Amino acid sequence: MQKPGDLTTVMYHYVREIKNSRYPGIKGLEFAGFKRQLDYLGSQYEFISAEQLIAYITGESADFPEKACLLTFDDGYRDHFDFVFPELMKRKISGCFFPPARPVEENSLLDVNAIHFILASATDTNRLFNDLNDELRARDFSESFIEQHISRLAQPGRYDPAEIIYIKRMLQRELPFELRTEITRQLFEKYVEKSEAEFNKELYMTAAEIEELVRSGMYVGSHTYHHFWLNAVAADTQEQEIDRSLQFLTNVGAPTRNWIMCYPYGAYNADTLEILQRKSCVIGFATKVGSSSLDRQAALEMNRFDTNDFPQ
């Protein structure tokens, strides 16, 4: 038996052939780069499965690799079925997939993805920035409201300039849900120029494809129903999100005993942790950058690295 070291978990979103696609501006990982990254990670770490991690965290097993790496794939994209899944099967690697339930069950575009493709389609960020503020003005939001939010939110992030952070935060969480969805749809129609129904079929996996992942030995866990920032909604809404996601997991044949949560946007709070403990969740993945010690008492707050933190 080896004494385990820290766990290295890698987070992926879009993995596709990007350069010559219709959306070359989407922020993702080229498929060729993904394959090179798997080569690199395989040379440095031992890939593990979700089941190995769960068994260690729950005390069912004392065995764990000294240098372990777990691969996680967020948001249920068709990329994961078309590109990631076959490559993992070829290499005999088990991955963890976290699809939010709503796009699959309702054929509905998540605001977060609409925003991604608005940004990927916008050739002029300043124009998009101004268009968003014009949409607010058209709905009688004051100049002081807009200026206050620009001052507070327009701060550069790890990968995005200040204007992009402002656009994302306003459309992801700052505005009321129905309003931000309405404005996002207006901007989507203007910049992406494609019907939502047609776009959804290209973007997300189907329930049948997710079921195939499960049957093939991949792990499928919870990413909630609507993909809300959990720390921005009330406890009863959080519980509804988690319950609806668990029902979805049951529907596709995924486990709901000793299961894994992946927090949308990495966001959670004390209410989230209390709900998860009651519902037999044993591991929670956030987006704080770093490795995670295998502390069973802190297993609901595990860190992850972004794909961009490793050679591609």
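**Aromatic pairs, helix faces and cysteines**

F34 is buried, with a relative accessible area of 0%. This value, like those that follow, comes from a predicted model. F31 also counts as buried, at a relative accessibility of 13%. The count of aromatic pairs in the model comes to 22. One of them joins F31 and F34, whose rings are stacked, with 6.5 Å from centre to centre and 25 degrees between the planes. The sequence spacing fits with this pairing: F31 and F34 are three residues apart in helix 1 (residues 31-44), and therefore about one helical turn separates them.

A second pair, formed by F188 and F199, is edge-to-face, with ring centres 5.2 Å apart and planes at 75 degrees. Here the partners come from distant parts of the chain, F188 from helix 9 (residues 177-191) and F199 from helix 10 (residues 196-203), with their positions 11 residues apart. Both rings are shielded: F188 counts as buried at 2% relative accessibility, and F199 is buried with a relative accessible area of 2%. F188 and F199 also belong to one aromatic cluster, together with Y14, Y23, Y77, F117 and Y204.

Two arginines sit over aromatic rings. R173 lies over the face of W229, at 4.3 Å from the ring centre. R244 takes up such a position over the face of Y225, at 3.7 Å from the ring centre.

It is worth returning to F199 and its helix. The buried residues of helix 10 are F199, N200 and L203. Viewed down the helix axis, these residues fall within an arc of 105 degrees, so they line one face of helix 10. What does this buried set pack against? The partners of the buried residues of helix 10 are strand 2 (15-16), helix 3 (78-91), helix 5 (111-121) and helix 9.

Helix 3 also contains R78. Is this arginine buried or exposed? R78 counts as buried because its relative accessibility is 18%, under the 20% cut-off. Apart from neighbours within four places in sequence, R78 is in contact with K201, E202, L203, Y204, M205, T206 and E209. Among these contacts, L203 is one of the buried residues of helix 10.

E209, another contact of R78, leads on to the next helix. In helix 11 (residues 207-215), the buried residues include E209, I210 and L213. They cover an arc of only 100 degrees around the axis, which means that they lie on the same side of helix 11. The cover over the buried residues of helix 11 includes helix 3, strand 6 (96-98), helix 4 (101-106), strand 7 (219-220) and helix 12 (235-251). After helix 11 comes G217, which has a positive phi, near 95 degrees.

Finally, the cysteines. How many disulfides does the model contain? The count comes to zero. For C69, the closest cysteine sulfur is that of C96, and no bond is assigned because the sulfurs are 10 Å apart, too far for one. C69 is itself buried, with a relative accessible area of 0%. C281 is likewise unbonded because its closest cysteine sulfur, in C262, is 11 Å away, again too far. C281 is buried as well, with a relative accessible area of 7%.

How values were computed
Residues are numbered from 1 along each chain as its sequence is written. This is a predicted model: local features need pLDDT of at least 70, side-chain atom pairs count only at pLDDT 80 or more; totals for chains, interfaces and linings use all residues. Side-chain values use heavy atoms; hydrogens and water are left out. A disulfide is a pair of cysteine sulfur atoms within 2.5 Å. Buried means under 20% relative accessible area, exposed over 50%, partly exposed in between (1.4 Å probe, protein chains only). Rings of Phe, Tyr and Trp (its six-membered ring) pair if their centres lie within 6.5 Å; planes under 30 degrees apart count as stacked, over 60 as edge-to-face and the rest as tilted. Helices (H or I, at least four residues) and strands (E, at least two) are DSSP runs, numbered from the N terminus. A charge sits over a ring if NZ of Lys or CZ of Arg is within 6 Å of the ring centre and within 35 degrees of the ring normal. The arc is that of the directions from the helix axis to the C-beta atoms. Contact means heavy atoms within 4.5 Å.
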